[in-house]
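Student: I should like a close look at a single part of this structure. Please take the salt bridges and explain how they are arranged.

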Amino acid sequence: MPRRSRRATRRLAAHALDLSIAAPQVIAHRLARMAQAGATPTTRDLAELHRMGAEKVVAFGTAWQAMGLAAMRAQQAYLQALSRSLLTPWWIAPPDAGAFARRANAAAADVLAAGIAPLRHKALGNARRLARQRRR
């Protein structure tokens, strides 16, 4: 596996780990806040609940857009490689199935990394922000 691909895969794993730690912290804080507020939430609680819903829509929309752009870039790279291979005689540069598999693996990792980045950014920011807040 090329060094760049290994590095990207490790970074993707680290980002997934960050997200898997931050998301439950945010969920626990918000659920505790809801339970503590009960039937009469304060304006601060209502603002947090509204923010919770709105940020999910924005974060997932951003993630889908980033994944779509990364997939489009990968498709363009595949099209360029296909065009080059069609214009090059097979006896000069025989097709390499291993290179295709490595390129597909790297493209999948890039698409996943592009999708997880906005979610991770939002979850880590929320975890930091909610950890700073004082409970009533």
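Tutor: In this predicted model, a network of salt bridges links Arg30, Arg33, Asp45, Glu48, Glu55 and Arg129. The structure holds 6 salt bridges. Side chains of opposite charge can pair when their charged atoms come close.

A suitable starting point is Glu48, which forms a salt bridge with Arg30, with 2.9 Å between the closest N and O atoms. Glu48 lies in helix H2 and Arg30 in helix H1, so this pair ties together parts that are 18 residues apart in sequence. Helix H1 spans residues 3–37, and helix H2 spans 43–87. Glu48 counts as buried because its relative accessibility is 6%, which is under 20%. Arg30 is buried as well, with a relative accessible area of 5%.

Arg30 also meets Glu55 in a salt bridge between their side chains, at 2.9 Å from N to O. Glu55 belongs to helix H2 and Arg30 to helix H1, so the pair ties together parts that are 25 residues apart in sequence. At 8% relative accessibility, Glu55 counts as buried.

Glu48, in turn, has a salt bridge with Arg33, where the N to O distance is 4.0 Å. Glu48 is in helix H2 and Arg33 in helix H1, so this pair ties together parts that are 15 residues apart in sequence. Arg33 counts as buried, at 11% relative accessibility.

Arg129, another member of the network, has a further partner: its side chain and that of Asn126 are joined by a polar contact of 3.2 Å. Asn126 is found in helix H3, residues 97–132, and is buried, with a relative accessible area of 5%.

The surface of helix H1 and helix H2 completes the picture. Ile27, Leu31, Met34, Leu46 and Leu49 make a nonpolar surface patch of about 420 Å². Helices H1 and H2 each supply at least two residues of this patch, and the largest share, 3 residues, comes from H1. One of the patch residues, Ile27, is found in helix H1.

A positive surface patch is formed by Arg3, Arg6, Arg7, Arg10 and Arg11. Among them, Arg6 is placed in helix H1 and is partly exposed, at a relative accessible area of 39%. By contrast, Arg30 in the network is buried.

Terms used: Residues are numbered from 1 along each chain as its sequence is written. This is a predicted model: local features need pLDDT of at least 70, side-chain atom pairs count only at pLDDT 80 or more; totals for chains, interfaces and linings use all residues. Side-chain values use heavy atoms; hydrogens and water are left out. Patches are made of residues with over 30% relative accessible area and no salt bridge: like charges are joined within 9 Å, nonpolar side chains (Val, Leu, Ile, Met, Phe, Trp, Tyr) within 5 Å. Accessible areas come from the Shrake-Rupley method with a 1.4 Å probe; for residues, only the protein chains shown count as cover. Lys and Arg count as positive and Asp and Glu as negative; His and the chain ends are not counted. The place of a charge is taken as NZ of Lys, CZ of Arg, CG of Asp or CD of Glu. Helices (H or I, at least four residues) and strands (E, at least two) are DSSP runs, numbered from the N terminus. Buried means under 20% relative accessible area, exposed over 50%, partly exposed in between (1.4 Å probe, protein chains only). A polar contact is a pair of N or O atoms within 3.5 Å; within protein, one must be able to donate a hydrogen and the other to accept it, and residues adjacent in sequence count only if both atoms are side-chain atoms.
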